[in-house]
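Biologist: Please take a close look at one part of this model for me. Pick a part you can follow from residue to residue, and show me what surrounds it.

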Amino acid sequence: MQARSFEPVQLFAAILVNNTYALSDILQQCSTEFGPILKQSKPEIFKSPYYGKEMGDNLKKCFVLFDKKVPADTLWIYKQQSNKLETKTSHNGKRHINIDTGALTPYHLCLLSCKPYAHRIPLQHGIYAETTLLFEHNKVKTLPWTYPDYQTDEAINCFLKMRKLC
């Protein structure tokens, strides 16, 4: 069998902000960087000891699907762009926003990370990819490393709706 080109994937992001930075401002900046927003979840209050230490207690998170299909082998570029945006909006070495970019396809939700781990595949320039959710028919399958906020009923319903747009 001969290798084929990768299908383009729909650019996705999970955006976390603290009360210092307006979500609407970040969404506008992300739209400038990544293209128009196709669908966005309702912002939800997000509690996390991990992010709380750096970003504070008043956190909100939303999921965003961009109206942009990109070659799968270029996803690492978008993680680099989101990292630059996080750095640009940080103060005294602390982030006010966290942007987890990735891809949503009819088959899975993939997130990108700068942290290596056993289930993450190295891409380029210190960026790793992990399959976070699997889609089968109209069901979502979580994996042992799927973050709890990606397993809520609200998040799963959001992803299933977004998936229909891919």
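Modeller: Start with a cut-off: a residue counts as exposed when its relative accessible area is over 50%, and as buried when that value is under 20%. In between, the residue is partly exposed. Keep in mind that this is a predicted model. Try the cut-off on His125. Its relative accessibility is 58%, so His125 counts as exposed. His125 sits in the loop between β7 (121–122) and β8. His125 is not a glycine, yet its phi is positive, about 50 degrees.

Now the part I pick: helix α1. Helix α1 covers residues 23–34, which makes 12 residues. From first C-alpha to last, α1 reaches 16 Å, close to the 16 Å expected at 1.5 Å a residue. Right after α1 comes Gly35, with a positive phi near 105 degrees.

Which residues of α1 are buried? They are Leu23, Ile26, Leu27, Gln29, Cys30 and Phe34. Around the axis, these residues cover an arc of only 165 degrees, so they lie on the same side of α1. On the other side, Ser24, Gln28 and Thr32 are exposed. What lies over the buried residues? The cover includes β1 (8–18), β2 (37–40), β4, α3 and β5.

Follow Cys30 inward. Cys30 is among the residues with the most contacts inside the largest nonpolar core. The others are Ile15, Phe66, Leu75 and Ile99. This core has 25 residues. At least two of its residues come from each of β1, α1, β4, α3, β5 and β6.

Next, look at Ile99. Set aside its neighbours within four places in sequence. Ile99 is then in contact with Cys30, and also with Ala13, Ala14, Ile15, Lys79, Ser82, Leu85 and Glu86. There is a second, separate core too, with 17 residues, including Phe12, Leu109, Leu133 and Ile156.

From here, move to strand β5, one of the elements covering α1. β5 and β6 run antiparallel, joined by 3 bridges. A hairpin of 3 residues connects the two strands. Across this pairing, Gly102 stands opposite Leu111 in β6. How many residues of β6 are buried? The count is 5 of the 6 residues, so β6 (residues 108–113) is largely enclosed by the rest of the structure. β6 also pairs with strand β8 (residues 128–136), antiparallel again, over 6 bridges. There, Leu111 has Glu130 as its bridge partner in β8.

Now for charges. Side chains of opposite charge can pair when their charged atoms come close. The model has 5 salt bridges. Take three of them in turn.

Asp100 and Lys79 form one, with the closest N and O atoms 3.6 Å apart. Asp100 is in strand β5 and Lys79 is in helix α3, 21 residues apart, so to say distant parts of the chain are linked by this pair. Are these two residues buried or exposed? Both Asp100 and Lys79 are buried. Recall that Lys79 is also one of the contacts of Ile99.

Asp149 and Lys61 form another salt bridge, at 2.4 Å from N to O. Asp149 lies in the loop between β9 (139–142) and α4 (153–163), while Lys61 lies in strand β4 (residues 59–71), so the pair ties together parts 88 residues apart in sequence. Asp149 is buried at 17% relative accessibility. Lys61 is buried as well, at 10%.

The third joins Glu54 to Arg95, with the closest N and O atoms 3.0 Å apart. Glu54 belongs to helix α2 (residues 49–55), and Arg95 to the loop between α3 (75–88) and β5 (97–104). These two are 41 residues apart. Glu54 is partly exposed, at 26% relative accessible area. Arg95, at 19%, counts as buried. Glu86 comes in here: Glu54, Glu86 and Arg95 are linked in a network of salt bridges. Glu86 is also among the contacts of Ile99.

One last stop is Asn92, in the loop between α3 and β5. Its relative accessible area is 70%, so Asn92 is exposed. Asn92 is not a glycine, but its phi is positive, about 55 degrees.

Methods: Residues numbered from 1 in each chain as written. Predicted model: local features only at pLDDT ≥ 70, side-chain atom pairs only at ≥ 80, totals over all residues. Heavy atoms only, no water. Salt bridge = Lys/Arg side-chain N within 4 Å of Asp/Glu carboxyl O. Helix = DSSP H or I, 4+ residues; strand = E, 2+ residues; numbered from the N terminus. Buried < 20%, exposed > 50% of the residue type's maximum accessible area, 1.4 Å probe, protein only. Pairing = 2+ DSSP bridges. Expected span 1.5 Å × (residues − 1). Arc of directions from axis to C-beta. Contact = heavy atoms within 4.5 Å. Core = buried A, V, L, I, M, F, W, Y, C linked by side-chain atoms within 4.5 Å.
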